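Me: I have a model open and would like to learn how to read it. Can we go through it feature by feature?

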Amino acid sequence: MTTKITMPLAAVSLMLALAGCSLSGGTPVPSAPSAGGSATAAAATIPTGTWRLVSLRETGQAEVAVSHPELFTAELTADGQVNLRADCNRCHGTYTAGDRRLSVGAMACTRAFCVATAPLDTTFAGLVGGAQTWTASDDQHLDLASDAGVLRFQR
């Protein structure tokens, strides 16, 4: 009998507590920026679409040409989404871009060991995630850069 009464009372108490949080009259919690607001800026500046990695250069290292660019792609969508193919792994996140500035949010990635290309897959995802600037000499070439290195893409 006690269990039949306790469970509904606990549920009601929880609902009232949550409702009280929204009516506290205190300082409102700022809402997260919408992807739509940043996507407009992103679509107006950085070229969207699917880009194939042709080379990468980590700071202090020699440039590495990518022998299979189709295995390392970055898709930038007009609504501020970034999707990576890093050989056998996939990553998804968001980005905002402005006048040559870029900020990539935290990305969710699979973590399989890609036998043929390790550690290039993790280096690629890390450099995309840390990218701070972008340049595009034309609609067919895109560079993403940070203090950690430079990624060169083409369509």
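Reply: Start with a charge over a ring. Arg-100 lies over the face of Trp-134, 4.6 Å from the ring centre. Keep in mind that this is a predicted model.

Me: Where in the fold does Arg-100 lie?

Reply: Arg-100 is in the loop between β5 and β6. Its relative accessible area is 39%, so Arg-100 counts as partly exposed.

Me: What is unusual about the backbone of Arg-100?

Reply: General idea first. Most residues other than glycine have a negative phi. Now the case here. Arg-100 is not a glycine, yet it has a positive phi of about 65 degrees. Asp-87 does likewise, with a positive phi of about 60 degrees.

Me: Is Asp-87 buried or exposed?

Reply: Buried means under 20% relative accessible area. Asp-87 has 12% relative accessibility, so it counts as buried. Asp-87 sits in the loop between β4 and β5.

Me: Which peptide bond is cis?

Reply: Again, the general idea. Most peptide bonds are trans. Here a cis bond joins Ala-118 and Pro-119, with omega at about 0 degrees. Pro-119 belongs to the loop between β7 and α3.

Me: Let me step back. How many helices and strands does the protein have?

Reply: There are 3 helices and 10 strands. Read from the N terminus, the order is α-α-β-β-β-β-β-β-β-α-β-β-β. The chain has 155 residues, and 32% of them count as buried.

Me: What do the contacts tell me about the chain?

Reply: Take the contacts with a separation of 6 or more. Residues 24 or more positions apart account for 50% of them.

Me: And what makes up the surface?

Reply: The protein exposes about 9300 Å². Carbon and sulfur atoms supply 61% of that area.

Me: How should I read the helix α3?

Reply: The general rule is about turns. An α-helix has 3.6 residues a turn, so residues three or four places apart point the same way. Now look at α3, residues 120-130. Its buried residues are Leu-120, Asp-121, Thr-123, Phe-124, Ala-125, Leu-127 and Val-128.

Me: Which elements do the buried residues of α3 pack against?

Reply: They pack against β1 (49-58), β3 (72-76), β4 (81-86), β5 (89-97), β6 (102-104) and β10 (149-154).

Me: Which rings form a cluster?

Reply: Ring pairs link Phe-72, Phe-124 and Phe-153. The structure holds 2 aromatic pairs. One of them is Phe-72 with Phe-124, and it is edge-to-face. The centres are 5.7 Å apart, and the planes meet at 85 degrees. For reference, planes over 60 degrees apart count as edge-to-face.

Me: Where do Phe-72 and Phe-124 lie?

Reply: Phe-72 lies in strand β3 and Phe-124 in helix α3, so the pair ties together parts 52 residues apart in sequence. Both Phe-72 and Phe-124 are buried.

Me: Now the cysteines. How many disulfides are there?

Reply: A search of the whole structure finds 2 disulfides. Number the bonded cysteines in sequence order, and the pairing is 1-4, 2-3.

Me: Take the link of Cys-88 to Cys-114. What is its handedness?

Reply: The torsion about its S-S bond is about -100 degrees, so this disulfide is left-handed. It links distant parts of the chain, 26 residues apart. Cys-88 is in the loop between β4 and β5, and Cys-114 in the loop between β7 (108-109) and α3. The S to S distance is 2.0 Å.

Me: How covered are Cys-88 and Cys-114?

Reply: Cys-88 has 36% relative accessibility, so it counts as partly exposed. Cys-114 has 2%, so it counts as buried.

Me: Which cysteines make the other disulfide?

Reply: Cys-91 is joined to Cys-109, with S to S at 2.1 Å. Cys-91 lies in strand β5 and Cys-109 in strand β7, so the pair ties together parts 18 residues apart in sequence. With 115 degrees about the S-S bond, this link is right-handed. Cys-91, at 5% relative accessibility, counts as buried. Cys-109 is partly exposed, at 26%.

Me: Last one. How do strands β8 and β9 pair?

Reply: Strand β8 (residues 133-138) and strand β9 (residues 141-146) pair in the antiparallel sense over 4 bridges. They form a hairpin with 2 residues between them. To trace the register, find Thr-133, which stands opposite Ala-145 in β9.

Notes. Residues numbered from 1 in each chain as written. Predicted model: local features only at pLDDT ≥ 70, side-chain atom pairs only at ≥ 80, totals over all residues. Heavy atoms only, no water. Buried < 20%, exposed > 50% of the residue type's maximum accessible area, 1.4 Å probe, protein only. Contact = heavy atoms within 4.5 Å. Areas by Shrake-Rupley, 256 points an atom, 1.4 Å probe, with all protein chains shown as cover. Disulfide = S-S within 2.5 Å. Phe/Tyr/Trp six-rings, centres within 6.5 Å; stacked < 30°, edge-to-face > 60°. Lys NZ or Arg CZ within 6 Å of the ring centre and 35° of its normal. Pairing = 2+ DSSP bridges.
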